[in-house]
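Biologist: Please take a close look at one part of this model. Then set that part against the rest of the chain.

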Amino acid sequence: MLTKDTLQFLKDLKANNNREWFLANNKRYDIVKKEYHQLIGNFLEMMKPLDSSLEMLEVKNCTFRINRDIRFSKDKSPYKSHLGIWMNTNPSGFNAPGYYIHIEKGASFIAGGFYSPEAPDLKKIRKEIEFFHDDLLEIVNEPNFKKQFDDLDRSESNSLKNAPKGYEKDHPAIDFLKLKSFTVSKKLTDAELIHPDFVRKSAEKLIVVKPLLEFLNRGLATD
């Protein structure tokens, strides 16, 4: 399980995001990394029996490096001040439908779906929605799905203002077709993160997203 020490390290790193501080606190980070990898293992152990598409995943497949890629970023902070766990349900590539856990003091959440698919994949998903939007409506209107996540994430940055090219503005699924990402998310408190049942409770919520991931992967598998 996560500890307060890990959250405190991430908070301290955010306030001191430089190489000198990181090297001086390297022993603290070693403890955080060990806890991080153990947590991923716990999630995989809990999730694999619930979703067979995760069966081939190992801890190394679900981790992120603490170092940021700053080559094309205006923000030159060298380190991430959060931890992420990514469980990919599609072996075709890293950017695919899956489950995600974001760990950051005061800003944690769980999520699932497909974030910012590339144009060819987006086209396939929209085609699946065009012809099988009733299936998607059934998924998002399922009572437990509504209870845990309410609906797909929607924002100005995540949705087109007009109908995508090739679709009529009065299509019955136009609100879904306008989306550029197909995700759900739920905020977590710090208290939830360090609770002994954090993994079990989070897995119970995440697995509710499985039908959505299967729908998205079904679309991606269509030529």
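**The loop at Asn158**

Modeller: Asn158 sits in the loop that runs between helix H5 (143-149) and helix H6 (174-177). Helices (H or I, at least four residues) and strands (E, at least two) are DSSP runs, numbered from the N terminus. The model is predicted: local features need pLDDT of at least 70 and side-chain atom pairs count only at pLDDT 80 or more, while totals for chains, interfaces and linings use all residues. Residues are numbered from 1 along each chain as its sequence is written, and side-chain values use heavy atoms, with hydrogens and water left out.

Asn158 counts as buried because its relative accessibility is 9%; buried means under 20% relative accessible area, exposed over 50%, and partly exposed in between, with a 1.4 Å probe and protein chains only. Apart from residues up to four places away in sequence, Asn158 touches Asp153, Lys178, Leu179, Lys180 and Ser181, where contact means heavy atoms within 4.5 Å.

Asp150 lies in the loop between H5 and H6 too. Asp150 is not a glycine, yet its phi is positive, about 70°. With 47% relative accessibility, Asp150 is partly exposed. Ser116 also has a positive phi without being a glycine, in this case about 45°. Ser116 belongs to the loop between strand E3 (108-114) and helix H4 (119-140), and at 35% relative accessibility it is partly exposed.

Helix H5 contains Lys147, which is exposed at a relative accessible area of 65%. The C-alpha atom of Lys147 is separated by 9.6 Å from that of Lys205, although the two are 58 residues apart along the chain. Lys205 falls within the residue range of helix H8 (residues 198-206), the helix that also holds Ser202. Ser202 is buried, at 3% relative accessibility. Neighbours within four places aside, Ser202 contacts Phe43 and Ile110.

Phe43 also appears among the contacts of Met87, which include Leu44, Met47, Tyr99 and Leu206, again without neighbours within four places in sequence. Met87 is one of three residues, with Ile85 and Ile103, that have the most contacts inside the largest nonpolar core, a set of 59 residues. Such a core is a set of buried Ala, Val, Leu, Ile, Met, Phe, Trp, Tyr and Cys residues joined through side-chain atoms within 4.5 Å. Helix H3 (residues 26-47) supplies the largest share of this core, eight residues. In soluble globular proteins, nonpolar side chains tend to be buried together.

For the whole chain, there are nine helices and four strands, in the order α-α-α-β-β-β-α-α-α-β-α-α-α. The radius of gyration is 19 Å, which agrees with the value near 17 Å for a compact globule of 223 residues; this radius is taken over C-alpha atoms, and the globule rule is 2.2 Å times the number of residues to the power 0.38. Along the principal axes, the C-alpha atoms fill a box of roughly 60 × 40 × 30 Å. Of the 223 residues, 43% are buried. Among contacts between residues at least 6 apart in sequence, 62% join residues at least 24 apart.
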